[in-house]
Amino acid sequence: MEMNLAKARWIFAYGLAFVFLVFGTEKLTVPLQWIGFIPSWLGGFLGLRAGQWLFYIGIFEILIGVLFLAPVLRLQQIAIIVATLHLLGIVLELGWNDITVRDIALLC
């Protein structure tokens, strides 16, 4: 039983890492597909334009994905906390739509 839990934990970690790595990388490589999701209030916040925020969010999501892949449990726990806060922010900002449904599933 213990071996199955360890495998399940790694499958879960790899799956979440994949999601965050792909979305983070896409924000850097195809920003026009993602710029519309940046809230209007964020453009100009802290003196950064929406495109700059998108770049930093992409880097942030890649970092979360890397932390999920870390072989250190504490780093994975940090990734879980940070990813949860990030996804909650997205859900609260976007309102109810297909992206919200996806992000709620990721939160669960």
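This tour moves from the whole protein to its largest pocket and then to single residues.

**The whole chain**

Begin with the entire protein on display, and keep in mind that the model is predicted. Its mean pLDDT is 91, and 98% of the residues reach 70 or more. If the viewer can colour by pLDDT, select helix 2 (residues 50–69), which has the highest mean among the elements, at 96. Then select helix 4 (residues 98–107), where the mean is the lowest, at 86. Where pLDDT is low, the predicted coordinates should not be read in detail.

Now change to a cartoon view. Four helices and zero strands appear, and the order along the sequence is α-α-α-α. Turn the model about: the C-alpha trace spans about 50 × 25 × 25 Å along its principal axes.

Next, show the surface. The protein exposes about 7,100 Å², and carbon and sulfur atoms supply 74% of that area. Of the 108 residues, 28% are buried. Among contacts with a separation of 6 or more, 53% join residues that are 24 or more positions apart.

**The largest pocket**

Rolling a probe the size of a water molecule over the atoms shows where empty space is left. The largest pocket found in this protein has a volume of about 500 Å³. To locate its centre, select Phe37, Ile57, Glu61, His86 and Ile90, the closest to that centre of the 25 lining residues. Helix 1 (2–29), helix 2, helix 3 (73–94) and helix 4 each give two or more residues to the lining.

Which helix gives the most to the lining of the largest pocket? Select helix 3, which contributes six residues. Colouring the lining by residue type separates 18 nonpolar residues from two polar and five charged ones.

**From helix 2 to helix 3**

Select Leu67, which lies in helix 2. Is Leu67 buried or exposed? Its relative accessibility is 18%, so Leu67 counts as buried, the limit for that class being under 20%. Display the surrounding side chains as well: leaving aside neighbours within four places in sequence, Leu67 is in contact with Leu75, Gln76, Ile78 and Ala79.

Continue to Val82, in helix 3. The C-alpha atoms of Leu67 and Val82 are separated by 10.0 Å, and the two residues are 15 apart along the chain. Val82 has a relative accessible area of 25% and is therefore partly exposed. When residues up to four places away in sequence are not counted, Val82 touches Phe60 and Ile64. For a longer view across the model, draw a distance from Val82 to Pro39: these residues are 43 apart along the chain, and their C-alpha atoms are separated by 20 Å.

**The end of the tour in helix 4**

Select Thr100, which is found in helix 4. This residue is buried, because its relative accessible area is 3%. Which residues does Thr100 touch, not counting those up to four places away in sequence? Show Val91, Leu94 and Gly95, which are its contacts.

**Two leucines in a loop**

Finally, turn to the loop between helix 1 and helix 2, and select Leu32 there. Leu32 is exposed, since its relative accessible area is 77%. A distance drawn from Leu32 to Gly51, 19 residues further apart in the chain's numbering, gives 9.1 Å between the C-alpha atoms.

Leu46 is also placed in the loop between helix 1 and helix 2. With a relative accessible area of 66%, Leu46 is exposed. Its backbone deserves a look too. Most residues other than glycine have a negative phi. Leu46, although not a glycine, has a positive phi of about 60°.

Note on methods:
Residues are numbered from 1 along each chain as its sequence is written. This is a predicted model: local features need pLDDT of at least 70, side-chain atom pairs count only at pLDDT 80 or more; totals for chains, interfaces and linings use all residues. Side-chain values use heavy atoms; hydrogens and water are left out. pLDDT is the predictor's confidence in each residue, from 0 to 100. On a 1 Å grid over the protein atoms alone, a cavity is a set of points where a 1.4 Å probe fits but cannot get out, and a pocket is an open set with protein on both sides within 12 Å along at least five of seven lines; lining residues have an atom within 4 Å of a point. Grid points are joined across faces, edges and corners, and a volume is the space filled by probe spheres set on the points. Ala, Val, Leu, Ile, Met, Phe, Trp, Tyr, Cys and Pro count as nonpolar, Asp, Glu, Lys and Arg as charged, and the others, Gly among them, as polar. Buried means under 20% relative accessible area, exposed over 50%, partly exposed in between (1.4 Å probe, protein chains only). Contact means heavy atoms within 4.5 Å. Accessible areas come from the Shrake-Rupley method with a 1.4 Å probe; for residues, only the protein chains shown count as cover.
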